[in-house]
Structures are given as C-alpha cells and as structure tokens.
Amino acid sequence: PKFKLLPPLKDYEPYLANPVVARALSEYRKVCNALLKKYGKDCKVHKIHIELGREVGKSYLTRQQYENEQKENLRKINEAKELLAQYHLPINDTNILKARLFKEQNECCAYSKAKIKEEHLRDDKALEIDHIYPYSRSFDDSYMNKVLVFTKENQNKRNQTPYEAFSKDKEKWEMIKSFAKNFLPHKKYKRI
C-alpha cells in the first residue's frame, strides 16, 4: 500500500532482529517523514545515503576520496544547469541528466557516434536516456548505467545489452567499444 508518510516500524519488528539496524531505520524514518511533512508529496528525493557506524571507521583517505567524488558530482550538475540556462531549456532532473551525459559523451550518441546538436536537446522525442544494462533485467537505475542516445538507436537496442544488440555488426560494435573507451568513465565502459 502507498502511504503519505513512512509507517511505524513496529509492523516490521519480527524482521528487525538486529537492534542497531532497527535504530538506524527508526532514525531514517523520522528524518524522511519530517522532510515529507515540510515539503509535501512534491518532494523529489533522488537518493538517500544512510551512513552506518562502519563508515566512521574508514580511513581518512577513503573518506576524503568519497568527499571529492561528491564535490565533482556537484560541479558536473552545476555545469549541466549552466548549459541548460545557456540553451534556455527548463532546469529539471531529466534535462540535467541529459546535459551531463551530453557533456560526458563529447556531445555524441553513445551507440551511433552521431553528433548531438542543440536542437536535439530541445526536441523531447529526439533523444532518450538508455540503461546500458536494461533496467527490466538489472534494476540498476544508477548514473553509471545510463547513456544518452538517439531514440532510433535505443529502439534498435530494445531490451538488450549493447553487446546483444550490436555485436552482429562487427564494424558498429568496434565503433561503440572505441567510443566508450575514449569518452565514458571506466565503470560505464566496463558495462558496454
């Protein structure tokens, strides 16, 4: 069932044998419900990161690396917002993601290597955000599983991995792999 707020944990007590986990979830519930009360149902949360006690024990270097990744991520989001403002496009989650992928992919489609132009970004039907591993098979909706592609390329790929969809055409497959190696982060390249 759908609730306006997260329900009390007492209904789940039989499943929460670990008191530390129960306490962490209880605190999470309080914070989440407070946000929902303050901002209402229009509150759009992209991700919630629950830091457990074991996170505190990580080395300074590991924590610093994580903090640097967060700063870099924020810088790229702000860069995407600037691009959208420059093109006079609405600043919303979908457009920010498209702009980030557009910049990351050197303004090219990940599957055709065709140049993505400003008018393509303006046209809601020209481009799609594709899950490298199909979401229906992986349930991975993370940034590292997404690329920006022309709608036609995504339709040709269907519910397949890039290898399954494009490897029969050796020339195209080599082009996709080469593009991914040169322009995509290593974590994305490994998925292709």
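Is I96 buried or exposed? With a relative accessible area of 12%, I96 is buried, where buried means under 20% relative accessible area, exposed over 50% and partly exposed in between, using a 1.4 Å probe and protein chains only. Before we look around this residue, a word on the model.

The model is predicted, so local features need pLDDT of at least 70 and side-chain atom pairs count only at pLDDT 80 or more, while totals for chains, interfaces and linings use all residues. Residues are numbered from 1 along each chain as its sequence is written, and side-chain values use heavy atoms, with hydrogens and water left out.

**The chain as a whole**

The secondary structure amounts to 10 helices and two strands; helices (H or I, at least four residues) and strands (E, at least two) are DSSP runs, numbered from the N terminus. Read from the N terminus, the order of elements is α-α-α-α-α-β-α-β-α-α-α-α. The radius of gyration is 20 Å, well over the 16 Å that the globule rule gives for 192 residues, so the chain is more spread out than a compact globule. That radius is taken over C-alpha atoms, and the rule is 2.2 Å times the number of residues to the power 0.38. Along the principal axes, the C-alpha atoms fill a box of roughly 55 × 40 × 35 Å.

Of the 192 residues, 31% count as buried. Among contacts (heavy atoms within 4.5 Å) with a separation of 6 or more, 53% are between residues 24 or more positions apart. The accessible surface is about 13,600 Å², and 53% of it belongs to carbon and sulfur atoms; the areas come from the Shrake-Rupley method with a 1.4 Å probe, and for residues only the protein chains shown count as cover.

**Helices α3 and α4**

Here are the two helices side by side, with the expected span taken as 1.5 Å times one less than the number of residues.

| Helix | Residues in helix | Expected span | Distance between end C-alpha atoms |
|---|---|---|---|
| α3 | 27 residues | 39 Å | 39 Å |
| α4 | 12 residues | 16 Å | 16 Å |

For α3 (residues 60–86), the expected and modelled spans agree, and they agree for α4 too. The buried residues of α3 are A80, L83 and L84, and their cover includes α4 (93–104). Just after α3, H88 has a positive phi of about 55 degrees.

Helix α4 is largely enclosed by the rest of the structure, because nine of its 12 residues are buried. These are N95, I96, L97, K98, A99, R100, L101, F102 and E104. They pack against α3, α5 (118–122), β1 (127–131), β2 (146–150), α9 and α10.

**Two residues in their surroundings**

Our opening residue, I96, sits in helix α4. Not counting residues up to four places away in sequence, I96 touches I77, A80, K81, L84 and I91. The C-alpha atom of I96 is 14 Å from that of K44, and these two residues are 52 residues apart along the chain.

P185 lies in the loop between α9 (170–183) and α10 (186–191), and at 25% relative accessibility P185 counts as partly exposed. Leaving aside neighbours within four places in sequence, P185 is in contact with E104 and M144. P185 and E104 are 81 residues apart along the chain, and their C-alpha atoms are separated by 8.4 Å. E104 is also one of the buried residues of α4.
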